[in-house]
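Please take a walk through this fold with the sequence and the model side by side. Begin with the sheet, then turn to a few single residues.

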Amino acid sequence: MAIKQYAVIGLGRFGTSVARRLHEAGQEVLGIDLVEENVEAAEGYVTDAVIADSTEEKALTSLGITDFDCVIVAIGNDIQSSILTVVLLKNLGIPKIIAKALGKRHGQVLEAIGADWVIYPERDMGERVANQLLSPKLLNYIELSKNYNIEEITIPLRMAGKNLKELDIRAKFNVSIIAIVRNDDIIVSPSPEELLQPEDLLVTIGSRKDLAKFSSLE
């Protein structure tokens with residue numbers, strides 16, 4: 001994995017979580033916050049952490065923000081600061097800007113002013129919990145669009161010991177198997193002759209409706 005430079009603005013729970021994961025993956029991460037306590041708390045999870053006002057262009061340029069590959073705006077409850085920060089980053093030509101939204105209207109404004117990816121942590125977590133309750137076999141998912149997902153599910157017990165050709169999942173359920181997770185291994189584009197094992201996890205792609213039916217199989 002190539003090393004990239006990330007800046008995380010706003011070191012609350014969400015921002016610190018993002019920064020920590022990126023840093024653990026060996027990436028260079030700069031943490032920025034106005035609150036000294038937040039900066040001190042994040043120092044062990046980032047390459048560097050500084051106190052700065054992200055709504056001030058001089059503060060951002062003095063940090064060399066234009067050299068970063070991606071900036072994550074994870075400012076907490078200050079919508080005005082969040083919006084002003086994204087505007088400044090856009091004007092400075094940051095290649096990729098990811099911003100946390102506190103609600104639908106906030107998110108719409110962030111998209112309108114140029115954020116490349118708007119994240120709704122509370123909404124997304126709520127949907128994840130609901131999906132887990134509705135489909136207990138669903139372990140993880142990636143939303144590709146409004147109607148299509150990639151989902152990781154445990155295999156229905158009746159499929160164990162059978163191969164993909166025999167099961168013909170694509171034809172019967174309109175769902176494609178793109179990988180199998182087996183213990184610590186990942187089998188990408190598995191062969192039609194691949195026998196499924198009881199503990200396998202299937203990485204599937206399809207419409208939400210078809211995936212829901214498939215994941216409900218016993």
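What follows is a tour of a predicted model.

Start with the sheet. Six strands build it, and the sheet is open. Their order is E3-E2-E1-E4-E5-E6. The pairing is parallel. Two strands sit at the edges: E3, residues 48-51, and E6, residues 117-119. Each of these edge strands pairs on one side only. Neighbouring strands of the sheet are turned against each other by 15 degrees on average, direction ignored.

Now look at how the chain enters this sheet. Strand E1 covers residues 5-9. Five bridges join E1 to E2, and the two run parallel. From E1 the chain crosses to E2 through helix H1, residues 13-24. This β-α-β crossover is right-handed. One pair to find on screen is isoleucine 9, which stands opposite isoleucine 32 in E2.

Strand E2 spans residues 28-33. Is this strand mostly covered or mostly open? E2 is mostly covered, since five of its six residues count as buried. The cut-off for buried is a relative accessible area under 20%.

From E2, carry on to the edge. Four bridges join E2 to E3, and these strands also run parallel. Here isoleucine 32 stands opposite valine 50 in E3. Isoleucine 32 therefore has a partner on each side, under the rule that strands pair through bridges: isoleucine 9 in E1 and valine 50 in E3. The next position, aspartate 33, stands opposite isoleucine 51 in E3. In a regular strand, side chains alternate between the two faces of the sheet. The connection from E2 to E3 runs through helix H2, residues 36-42. This β-α-β crossover is right-handed.

Leave the sheet and go to helix H4, residues 79-91. Isoleucine 79 is found in this helix. Which residues does isoleucine 79 touch, leaving aside neighbours within four places in sequence? The contacts are Leu102 and His106. Isoleucine 79 and leucine 102 are 23 residues apart in sequence. In space, their C-alpha atoms are 7.7 Å apart. Why is isoleucine 79 classed as partly exposed? Its relative accessible area is 37%, and partly exposed means the range between under 20% and over 50%.

Last, two loop residues with a backbone feature to check. Aspartate 168 has a positive phi of about 50 degrees, although it is not a glycine. Aspartate 168 is found in the loop between helix H7, residues 164-167, and helix H8, residues 169-173. Its relative accessible area is 37%, so aspartate 168 is partly exposed.

Asparagine 174 comes next on the tour. Its phi is near 60 degrees, a positive value in a residue other than glycine. Asparagine 174 lies in the loop between H8 and strand E9, residues 176-182. Its relative accessibility is 44%, so asparagine 174 counts as partly exposed.

Definitions and conventions:
Residues numbered from 1 in each chain as written. Predicted model: local features only at pLDDT ≥ 70, side-chain atom pairs only at ≥ 80, totals over all residues. Heavy atoms only, no water. Axes fitted to C-alpha atoms, helices over the stretch in contact; angles between N-to-C directions. Right-handed = clockwise from strand over helix to strand, strands pointing away. Buried < 20%, exposed > 50% of the residue type's maximum accessible area, 1.4 Å probe, protein only. Contact = heavy atoms within 4.5 Å.
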